[in-house]
Amino acid sequence: MYMQQYKLWLLVGRKLSLRTSLLAMHFKCRGGFYPRTDDNVERYDVPDNKVEWTDTYPDYSPTQYTAQHILAGPVYADPLIGAPGFKPLWNEVDGKVNRCSHEGEYSVINGIPRNMHGRTGVCGRGALGRWGPNHAADPIVTRWKMNLGQKVLHEETKQPVLQFVCIKRRDNGQWAIPGGMVDPGEKVSVTLQREFLEEALNSLDMTSKQKEKAEGDLKDLFNGGEEVYKGYVDDPRNTDNAWMETVAYNFHENESGGLLYQISLQAGDDAQAVKWQDISSQLDLYASHRDFIKKVADKHDAHW
Ligand code: RP5
């Protein structure tokens with residue numbers, strides 16, 4: 001009898017530790033001031049050992065904050081909890097709005113979704129439109145760095161150097177993957193290509209003919225993508241009740257002289273600059289983008 005209980009306890013313990021290790025700790029949505037606010041919204045302090053909801057933190061008193069432009073009710077934002085007619089279906093595809101997390105079921109406490117990765121020091125939605133998961137997609141477009149028709153090898157590791165299309169975000173000047181939000185009802189495959197076209201090729205300034213041609217040129221590349229990550233993003237905008245999730249795909253050009261060696265990049269929409277960036281462990285990128293890029297480098301046995 002005791003033996004059985006002991007085995008059960010071990011099993012539960014193992015499951016719990018597996019869960020904890022699967023849910024990576026967030027860092028960029030803790031400490032300091034909430035990004036892009038004129039209101040100097042300071043996050044309530046959350047030390048590493050108080051991040052998980054199971055860690056006792058009786059004094060925890062997160063700063064309540066939802067940005068003015070979200071409260072103004074743009075089309076992509078939810079109403080306030082309890083607003084007349086707002087009956088969200090949490091953990092479900094709610095009409096055209098996907099309220100499911102890629103990481104399983106999230107808790108809803110007093111009618112409000114709770115961040116599965118733990119405390120952030122801010123409650124409300126911050127600058128995010130949706131309560132719970134806010135879904136994005138990240139296209140990681142890569143090619144080999146070439147010189148005189150040969151792959152460039154890194155002088156220390158002797159591994160070939162990979163490059164990816166990197167944009168400079170207009171909102172905070174940080175370098176990032178040209179990702180963006182999945183529109184309600186939009187397929188992720190469509191978001192991936194749309195965001196790449198808008199931010200790295202400036203399709204918003206193209207004529208419909210030019211856009212059609214660019215889409216045609218990219219068709220094969222975008223049909224051959226491979227998923228490298230799906231889940232929570234350690235985004236500086238996350239709060240206790242609203243957070244970013246993404247699906248990141250790698251679109252790789254293997255042929256020297258292929259399309260990605262001819263295409264001319266031009267920043268547009270939310271991007272203020274765009275470039276081919278050599279991939280290495282020295283990268284400092286927005287949110288969790290460095291982790292996604294590392295996965296791509298590993299996948300191609302490239303220099304990191
Ligand atoms: C990140 O925010 C995602 O990985 C994606 O790159 C981005 C989407 O937000 P916006 O660029 O639309 O602000 O969390």
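**Exercise 1. How much space lies in the largest pocket of this predicted model, and which residues are closest to its centre?**

Step 1. Start with the volume: the largest pocket holds about 1100 Å³ of space.

Step 2. Now look towards the middle. The pocket is lined by 44 residues, and H135, G180, M181, V182 and M244 are the closest to its centre.

Step 3. Sort the lining by character: 17 residues are charged, 16 are nonpolar and 11 are polar.

Step 4. Finally, trace the lining back to helices and strands. At least two lining residues each come from β3 (97-98), β7, β10 (162-169), β12, α3 (188-200) and β14 (242-253).

**Exercise 2. Where is the ligand, and which elements give two or more residues to the shell around it?**

Step 1. Find the ligand in the model: the space it takes is the largest pocket.

Step 2. Two or more shell residues come from each of these elements: β7 (132-144) and β12 (180-181).

Step 3. List the neighbours. Around the ligand you will find A136, D138, R169, G179, G180, M181, V233, D235, R237, M244, Y286 and H289.

Step 4. Group them: the shell has five nonpolar, four charged and three polar residues.

**Exercise 3. Which side-chain distances link D138, R169 and H289 to oxygen atoms of the ligand?**

Step 1. Take D138: an N or O atom of its side chain is 2.6 Å from a ligand oxygen.

Step 2. Move to R169, where a polar side-chain atom lies 2.8 Å from an oxygen atom of the ligand.

Step 3. Finish with H289, whose side chain has an N or O atom 2.9 Å from a ligand oxygen.

Step 4. Add the surface view: the ligand taken alone exposes 360 Å², and the protein buries 93% of that.

Note on methods: Residues numbered from 1 in each chain as written. Predicted model: local features only at pLDDT ≥ 70, side-chain atom pairs only at ≥ 80, totals over all residues. Heavy atoms only, no water. Near = heavy atom within 4 Å. Polar contact = N/O pair within 3.5 Å; in protein donor to acceptor, adjacent residues only side chain to side chain. Areas by Shrake-Rupley, 256 points an atom, 1.4 Å probe, with all protein chains shown as cover. 1 Å grid on protein atoms, 1.4 Å probe; cavity = no way out; pocket = protein on both sides within 12 Å on 5 of 7 lines; lining within 4 Å. Sits in = over half its atoms within 2 Å of the grid points. Helix = DSSP H or I, 4+ residues; strand = E, 2+ residues; numbered from the N terminus. Nonpolar A, V, L, I, M, F, W, Y, C, P; charged D, E, K, R; others polar. Points joined across faces, edges and corners; volume = space filled by probe spheres on them.
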